[in-house]
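I opened this entry to record what I looked up in one model. The notes follow the order in which I checked things.

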Amino acid sequence: MPIRTNRGRTAVYRRLWGWPLRSPRHLVGTLVILAVVLTAVGILLPKAIGKPGQTANGPGASATATSRPGVAAPVTVTSTLPPRLTTQPPPSSAPPDQSGVRVAKEWVTAWANHPDGTTTEQWLNGLRPYTTEEYLAGEMTTVDPANITATKVTGEPQVVSSLAGSMEVDVPTDGPKVRVTVAKLNFGWRVTKFTQAG
């Protein structure tokens, strides 16, 4: 078993680690010094390393002062506020476009045109010139024309809402009133949705 002496490296370490435990006053003093050192390191270390977005010359340094060929110039932070989430303003209303109203009426006329024996494919082909391909190939394929009670348009369309690029139009039929949503695309107005009421 080794003999412990008061000399050597081990004895020095023992005195260092044992000093805070000699009295409550030593312990409190050690804790205060430790807190000051940790606080100083916490303050000085980020300044020594540099925060993201700051140049080596400081936050106010010019980005072009240290630019080198082939190396992107550093970005200077101009605001310490967190970025805001921005929302787009609601679309503004616009006067009704008669071309869109006409497309809505022609679409409902084709929608109500389903004589006995009309297949779903024939009926969809009649709607194709007025409908977006996505809507025609999606939801419209689930509609059975034999279940449609309307056979003709009975009045003039009424614009319910009109925005810069879309409109909702009610078209009366001898069955339910049909509300059609039309959107203005690069090649003209097309139907993107419809609902029945009554």
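These notes go from the whole chain to the core and then to a surface patch.

**Entry 1, the chain.** I am working from a predicted model. I counted elements and found 5 helices and 4 strands in the protein chain. I then read their order along the sequence, which is α-α-α-α-α-β-β-β-β.

**Entry 2, burial and contacts.** I looked up how much of the protein chain is buried: 22% of its 198 residues. The exposed area came out at about 14700 Å², with carbon and sulfur atoms supplying 59% of it. Among contacts with a separation of 6 or more, I noted that 44% join residues 24 or more positions apart.

**Entry 3, the core.** Which residues have the most contacts inside the largest nonpolar core? I listed Trp107, Trp111, Leu127, Met140, Val180, Val182 and Phe194, in a core of 25 residues. I next checked which elements supply at least two residues each, and found helices H3 (98-112), H4 (120-127) and H5 (133-137) together with strands E2 (166-171), E3 (177-185) and E4 (188-197). H3 gives the most, with 8 residues. I set beside this the general tendency of nonpolar side chains in soluble globular proteins to be buried together.

**Entry 4, Trp107.** I asked what tryptophan 107 touches, leaving out residues up to four places away in sequence. The contacts are Leu127, Tyr130, Thr131, Met140, Val178, Val180, Val191 and Phe194.

**Entry 5, Met140.** I located methionine 140 in the loop between H5 and strand E1 (158-162). Is methionine 140 buried or exposed? Its relative accessible area is 0%, under the 20% cut-off, so I entered methionine 140 as buried. With neighbours within four places in sequence left aside, I found methionine 140 in contact with Trp107, Trp123, Leu124, Leu127, Tyr135 and Phe194. For one of these partners, leucine 124, I also looked up the C-alpha separation from methionine 140: 7.7 Å, for two residues 16 apart along the chain.

**Entry 6, a surface patch.** I then turned to the surface and found a nonpolar patch of about 520 Å², made by Leu21, Leu27, Leu31, Leu34 and Leu38. I picked leucine 34 from this patch and placed it in helix H2 (residues 24-49). Leucine 34 has a relative accessible area of 44%, which lies between the 20% and 50% cut-offs, so I entered it as partly exposed.

Note on methods
Residues are numbered from 1 along each chain as its sequence is written. This is a predicted model: local features need pLDDT of at least 70, side-chain atom pairs count only at pLDDT 80 or more; totals for chains, interfaces and linings use all residues. Side-chain values use heavy atoms; hydrogens and water are left out. Buried means under 20% relative accessible area, exposed over 50%, partly exposed in between (1.4 Å probe, protein chains only). Contact means heavy atoms within 4.5 Å. Accessible areas come from the Shrake-Rupley method with a 1.4 Å probe; for residues, only the protein chains shown count as cover. Patches are made of residues with over 30% relative accessible area and no salt bridge: like charges are joined within 9 Å, nonpolar side chains (Val, Leu, Ile, Met, Phe, Trp, Tyr) within 5 Å. A salt bridge is a side-chain nitrogen of Lys or Arg within 4 Å of a carboxyl oxygen of Asp or Glu. A nonpolar core is a set of buried Ala, Val, Leu, Ile, Met, Phe, Trp, Tyr and Cys residues joined through side-chain atoms within 4.5 Å.
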